[in-house]
Amino acid sequence: MSRIPSQLVVVGGGMVAQRLVEAVRARDEDRAWQVTVLAEEPRAPYDRVALTSYFSGRDPESLALGAPQLWADPLVTLLRGTTVTEVDRDARTVRTADGRALRYDHLVLATGSRAAVPAIPGADLPGVFVYRTLDDVAALRGWVEQEAARRGRPVRGAVIGGGLLGLEAAGALQALGARTTVVQFGTHLMSAQIDLGGGQVLRRLIEALGVEVRVDTATSRIRPDERGKAGRLEFADGGRLDVDVVVLATGVTPRDELGRAAGLPVGARGGVVVDQACRTQDPHVSAVGEVACIDGACIGLVAPGYAMAEVVVDRLLGGSAVFPGADTATKLKLSGVDVASFGDAFARTPGALEVVHSDPATGVYKKLVVSDDARTLLGGVLVGDASAYASLRPMVGRPLGADASAYLLPAGGSAPVGGDLPDDATVCSCNNVSAGTVRAAVTEHGCTDVAGVKACTRAGTSCGSCVPLVKRLVGEQLTKAGVAVSNGLCEHMALSRAQLFDAVRVTGLRTFSEIMQRHGTAVAGRGCDICKPVVASILASLDDGHVLDDERAALQDTNDHVMANLQKDGSYSVVPRIPGGEVTPEGLLVIGQVAKDYGLYTKITGGQRIDLFGARLEQLPQIWRRLVDAGFESGHAYGKSVRTVKSCVGSTWCRYGVQDAVSLAVLLELRYRGLRSPHKLKLGVSGCARECAEARAKDVGVVATDRGWNLYVGGNGGFTPRHARLLAEDLDTDTLVRTVDRFLMYYIRTADRLQRTAPWIDEVDGGLDGVRSVVLEDSLGIAADLDEAMARHVEVYEDEWRATLEDPEKLRRFASFVNAPTTADPSLAYVAERGQPRPATPDERADPAVLIAGTTLAVRS
Amino acid sequence: MSRPQPGWTVVCQLTDLVPERGAAALVDGEQVALFRVGNREVLAVQQLDPYSGAHVMSRGIVGSRAGAVTVASPMYKQVFDLRTGACLDPVGKEPQHLRTWPVRVEGDVVLVGTAGALVDALVAPLATPATLDATEAP
Ligand SMILES: Cc1cc2nc3c(=O)[nH]c(=O)nc-3n(C[C@H](O)[C@H](O)[C@H](O)COP(=O)(O)OP(=O)(O)OC[C@H]3O[C@@H](n4cnc5c(N)ncnc54)[C@H](O)[C@@H]3O)c2cc1C
Ligand code: SF4
Ligand code: FES
């Protein structure tokens, strides 16, 4: 159906607006709606929930939500830095601050909230911040760093408000090195979510982080210091506190001003009133997210907002969805402090019983609220150990199936739940995914791992708190389906690659047959194209023997076996290593001459080297003889191994360069050449923040700073492109190399087969933070081991092509035919295109006139 | 040593073949992929990979699937039963099978016979074609 699309205008470019646009584009198959998003903030929608991670080194771009392609869709327009100032409901237009007017067929208000600023004198002084947007946190960070530099002592910070947001802000200030006090008006921290008992345990946990806590304290004024900036807090009880920076976290106010001015009804405590279809009184205007007043209240959580977005989209497309009600379960995202509350945490249901387990010594407080017959779970509070949260939350309103207290004991916390979870229980509330949907992803859509289920259902892709539960459901379902969950490799090997790696490392077995006998399944037999190359790769990582040694040769993938890349017609491509992309004119001449003599198609690769295509199996040794004699060595373009270190020209030539990018790239490439890994590895080095080498698209990206090198990890191209994320800043070269050593080795040891670094970081224990603590702080105590493994790799590296050329036994594998070792494959046929050969198409093969003889050039010896 | 035998072509020595790996051979102008499995058994299928049209089967990885000796195409990873040529895993495509050749190992010599039965019509895996081990050879 093609008709002129109707105009959907969305005011606000926040989290809920993003989800709404995504849902329209996913579901509007007739392309009936053209969407325009008017966003006040100068950037595309980002993950506000993860805002605090800005302080732990995540950079702003990595907070971006959804796929960037969404904004490139011709039916989607995003106007950033555009504030809507007026809605004219009669004319159905909106007006923007920069004087534009846009007509709409349907309008959605998704303006969210603003941080509430308490009416106390001094709240507008410099040095007082709110905590809502990226600009807010960037300004806060800048201020704290500047104050710290000016004063030469730790900055004194105060957070007014001891709720979820305030505690997150306090954690952020601590992370910036400030000494922080949380000032709470109520009787205990997080009083909106947890009860007094939990609040008291929480207070001790917060204090253990070095944060001071004052409860029952009303701030009456913020006094300026001699420079006119915030200098002192004064409290109603007469107390005072000297400060250098203040963060206000006293709540949020819905941004309902557009609705009010347009005459739409607003709630008693603000918010544009909507019905169960998220419509305002005006059928052409909806409101979603924090600005919507639904069932009499605004909800300051993202999951209900997402649900509203889905409802609106469903309605726009003719559906009849209604708001399913809000799940107000919350979990504090403060590292080291585990707090969660869900359901009826305050036992407000008549007759509700509370089962409490409290252990002040270990800082644990757990409470479950159950129905009067003690059978149905109504809600709960978990402080100090919230590991049971993901499992318990979906059970709200359902029979517990076991004695409630069993769930509260340290170990039993999460054990009993899961298998009995009904299909309609919500597992992921961020994305509203039920247990049934997760199970169906396995049974009907063929997903076989958590990553697949995440991609298929979106469960676990937002806050991540449900991932443990998703993982378990997936595991259970696979077991039920009789699939060897065992994340095993194949029918011959029940261990995962990481498990096998450890096993082989410990047992010291070094041949395939021994390994399969010891670790393989009953039908291990002769293995297959999955487990054999994995064993080969593990053995290569462990002791670096030559890839064509003995029995090991038989395990190799075709490419590794002949150390070249198989092409579609059965010929191979040859890629000599060109470290850092630096090559001499003499080197270029040699490559050019080889290409010419063998009639090879020549192309520059994305990794800054030269690929020569169309070499026949039996020609490979001769070609390499000439390359090796000229000083080239294998580029390992064929292996699951380190490929290239791409670099820009850096400070030696570039006007802007601040470090010598090429020298570092060459150093890294020579260090890691030949390193075998679960998947290919690419590195990049840029000489300054302009990032001409696109290092952040690489598994390991290094970007020069005035003070050293910033290290990014987990950038992947391919099917699911990912930008690398910041691992560490301003490293000197030695520390950088050591950190990269450990990162690579940790990955090689623990990643799954064919798992690239980005998904590995997502799944490895603790995510990026976990990786950081392993490689920088040695939290697992394996750093020395990793260092040693890399040192060994560097020490025993040898060019495998040179070694092959010296061994007549190995060279026999390059015979084209056992009974005619130098006869060319008679089926190869080429045509010329732009002056170079390429494989002939089936039609061209039928017409010998167009074929060229180029690469069947007589074999030279 | 080998005596000339009608219908059999001497192709190579057993030691020319690497255990658990394939090698290509030209037999009567046709490209055949030989695989040495176990110590003294050799299996032969067509070198042409039916899915890619390239002559590469000998470069695939030898393995086993539920007891069958297999090779995986190095191009798009379809898996074939080396004894029958049957496609065991078409990787989402229409199954296409491989031609097989009988092979004999006499002493150190590997002989390939005339092409075996086409297995296109294969329903159940055929019994081992004329793949004779030296011990069974006359
Ligand atoms: C630090 C922090 C931590 C949080 N943690 C959690 C958590 O763990 N779990 C959870 O569920 N929620 C959490 N939240 C709340 C969550 O971020 C919000 O519920 C969610 O962002 C609401 O989405 P929204 O689209 O309604 O509003 P927003 O994301 O606030 O987006 C509204 C956008 O509209 C723009 N806008 C407003 N008026 C106009 C106008 N007139 N013209 C143009 N644009 C306009 C605003 O600039 C803003 O960008 C957290 C919030 C913060 C600040
Ligand atoms: S990244 Fe910086 S140093 Fe490197 S080429 Fe670009 S501008 Fe020059
Ligand atoms: S509950 Fe947040 S991602 Fe699933």
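**Exercises: chain B against chain A**

Between chain B and chain A, the count of salt bridges (side-chain nitrogen of Lys or Arg within 4 Å of a carboxyl oxygen of Asp or Glu) is two. This is a predicted model, where local features need pLDDT of at least 70 and side-chain atom pairs 80 or more, while totals for chains, interfaces and linings use all residues. Residues count from 1 along each chain as written, chains are lettered from A and ligands numbered from 1 in written order, and side-chain values use heavy atoms, without hydrogens or water.

**Exercise 1.** Pick out a salt bridge that crosses the interface, then list the strands of chain B that face chain A.

*Solution.* Step one: look at Arg526(A) and Glu20(B), whose side chains meet in a salt bridge at 2.9 Å, N to O. Step two: go through the elements (DSSP runs; strands, E, have at least two residues) that put two or more residues into chain B's side of the contact with chain A. You get strands E1 (8-13), E2 (21-27), E3 (30-37), E5 (61-65) and E6 (68-72) of chain B.

**Exercise 2.** Work out how many residues each chain brings to the contact, and what area is buried there.

*Solution.* Start with contact (heavy atoms within 4.5 Å): chain A brings 36 residues and chain B brings 34. Next comes buried area (accessible area, 1.4 Å probe, lost on putting two parts together, summed over both), which is about 2600 Å². Carbon and sulfur atoms supply 51% of that. Finally, see who loses the most on the chain B side: Arg21(B), Arg59(B) and Ile61(B), together giving 26% of what that side buries.

**Exercise 3.** Now find a salt bridge within chain A that links distant parts of the chain.

*Solution.* Over all chains, the structure holds 63 salt bridges. Take Asp244(A) and Arg156(A): their closest N and O atoms are 3.0 Å apart. Then place both ends: Asp244(A) sits in the loop between strands E15 (240-242) and E16 (245-248) of chain A, and Arg156(A) in strand E10 (residues 156-160) of chain A. That puts the partners 88 residues apart.

Technical notes
Helix = DSSP H or I, 4+ residues; strand = E, 2+ residues; numbered from the N terminus.
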